[in-house]
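Visitor: I should like to go through this structure by question and answer. May we begin?

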Amino acid sequence: MPVSRSAPARQRSLREHNLALVLGAVARTGPQSRARLAAATGLTKATVSSLVDTLVTGGLLQELGPSAGGVEDRPTPGRPGLPLGLSPDGPVGIGLEINVDYIACCTVDLAQNLRRRETVIADLRDQPFGVVLDRAASALSRALSDAHGHGPVAGVSVAVPGLVDTDHGVLHLAPNLGWRDLHVVEELRRRCGEHDLPIKLENEANLAALGELWCGGLRTDEGEPLRTFGYISGEIGVGAGLVMDGRLFRGQRGFGGELGHLPVSPDGPVCSCGATGCLERIAGQDAILSRAGLDCVTGPVTNSEERRLSVLLERAREGDPRAIGAIEEAGQALGSGMAALVNVVDVDTVVLGGMYALLAPWLFEPARRELERRVVGMRWAPVRLLVSGVGQDAAVRGAAGLMIQKVVADPASYVGARSDRSVG
Ligand SMILES: [Zn+2]
């Protein structure tokens with residue numbers, strides 16, 4: 001029959017789709033009985049039972065005890081009414097963030113709970129690529145060997161502050177690190193000796209936006225989980241990530257979101273990108289510290305960015321006008337940059353993340369005023385400014401969560417790869 005070759009493929013893809021539907025329902029709403037999963041997904045109870053069996057065998061779902069807090073049904077003949085939850089022994093995702101002044105690494109489980117976290121503070125600006133990658137690979141190796149005690153590793157994603165070719169794992173440009181056209185994924189694989197492990201490279205602000213989406217707990221005015229917003233990542237550089245209806249908007253080639261290089265003062269100082277008067281030369285961490293007179297601070301961690309930032313916060317809390325003025329000036333410039341973003345892409349919420357979440361007590365009001373003043377449609381379509389619920393961990397949490405999200409979106413591939421490995 002002419003259709004015989006395509007029919008099995010269609011059946012298989014339908015089952016793959018339904019596996020994702022069931023696992024996604026548990027991931028979104030917590031433990032559920034088979035009967036409730038059937039009601040939530042519109043599938044028959046028999047189909048749900050068969051899908052659940054595959055997900056339990058595949059190590060993604062687990063039957064919970066009656067006291068697990070899930071929704072329990074009366075037992076039905078042949079099937080217990082116990083709720084099914086995400087398996088605590090299921091796959092973990094690892095996130096690695098290489099930023100200008102730190103390396104962070106974290107491990108999350110299927111429920112996006114944090115299992116392990118490590119930060120290495122270091123000024124990486126003048127360090128050769130190989131030295132930085134050695135340190136990043138060491139942090140990753142420690143996370144990988146620790147993860148083997150938790151469960152299989154679904155994969156690693158790596159956040160970097162620059163323009164990224166995710167398909168080839170190449171960092172094209174990271175102006176603040178002085179890096180250009182580097183094979184980050186290949187070099188990490190070689191150093192960790194992990195040649196088959198999925199490793200994905202992505203822009204730091206994009207991953208931070210996803211970290212906010214999955215772990216931030218922010219809500220709309222109607223009390224729904226926030227699923228559409230612009231996320232502003234403030235570190236040494238300034239980046240933006242756009243989430244539209246729960247999905248990251250990457251632009252055509254993934255090079256968007258370079259908010260820090262928005263020209264706000266054409267005659268201003270020269271930027272690391274080569275242009276002049278970019279937003280990050282006014283609202284970036286270095287610019288704020290410099291205006292606050294914190295170019296050089298001595299202390300336990302001499303001159304580190306973290307030390308200088310904590311001195312800035314200390315002085316702002318004490319009411320030091322120079323520190324507060326430096327932050328307020330950044331807030332005003334940032335507000336005008338965010339207004340440009342909203343005028344172009346029309347989102348109703350902007351989230352201040354990274355360092356800006358720490359500076360919010362002084363930065364928020366000038367930023368909000370400028371945003372409201374410059375958004376053309378403000379009168380008819382108000383814009384809310386919120387502070388990140390995740391703070392400075394957003395990028396590394398988004399990086400780890402991305403690998404978990406891939407499993408939840410396509411459990412069939414994970415279960416298939418796992419059984420291939422156990423057969424092999
Ligand atoms: Zn620039």
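Visitor: How many bridges join strand β12 to β13, and how do the two strands run?

Guide: The model discussed here is predicted. Strand β12 covers residues 238–244. Within the pairing with β13, V243 stands opposite L248. The two strands run antiparallel, and the number of bridges joining them is three.

Visitor: Which strands stand at the edges of the open sheet of five strands?

Guide: The sheet is open, its pairing is mixed, and its order is β13-β12-β11-β14-β15. From one strand to the next, the twist averages 30°. Two strands have a single partner strand each, so one side of each is left without a neighbour in the sheet. These edge strands are β13 (247–249) and β15 (384–387).

Visitor: At about what angle to β12 does α6 run?

Guide: Helix α6 lies across four strands, namely β11 (229–234), β12, β13 and β14 (349–354). Its direction relative to β12 is given by an angle of about 50°.

Visitor: Which element gives the most to the side of domain 2 that touches domain 3?

Guide: The protein is divided into domain 1 (7–86), domain 2 (92–208 + 396–423) and domain 3 (217–389). Between domain 2 and domain 3, 16 residues of the former are in contact with 21 residues of the latter. On the domain 2 side, the elements that give two or more residues are β7 (163–165) and α6 (204–215). With four residues, the element that gives the most is α6.

Visitor: How many nonpolar, polar and charged residues has the side of domain 2 that touches domain 3?

Guide: The side in question consists of the 16 residues of domain 2 that are in contact with domain 3. By class, this side has eight nonpolar, five polar and three charged residues.

Visitor: How far apart do the C-alpha centres of domain 2 and domain 3 lie?

Guide: Domain 2 is assigned in two segments, 92–208 and 396–423, while domain 3 spans 217–389. The distance between their C-alpha centres is 25 Å.

Visitor: Is A174 buried or exposed?

Guide: A174 is found in strand β8, residues 170–174. Leaving aside residues up to four places away in sequence, A174 touches V160, P161, G162 and W179. A residue counts as buried if 20 or more other C-beta atoms lie within 10 Å of its own. Because A174 has 24 other C-beta atoms within 10 Å, A174 is buried.

Visitor: How far apart in space are A174 and N203?

Guide: In sequence, A174 and N203 are 29 residues apart. From C-alpha to C-alpha, their separation in space is 9.9 Å.

Methods
Residues numbered from 1 in each chain as written. Predicted model: local features only at pLDDT ≥ 70, side-chain atom pairs only at ≥ 80, totals over all residues. Buried ≥ 20, exposed ≤ 12 C-beta atoms within 10 Å, placed from the backbone. Contact = placed C-beta atoms within 7 Å. Domains from an automatic or database assignment. Nonpolar A, V, L, I, M, F, W, Y, C, P; charged D, E, K, R; others polar. Pairing = 2+ DSSP bridges. Axes fitted to C-alpha atoms, helices over the stretch in contact; angles between N-to-C directions.
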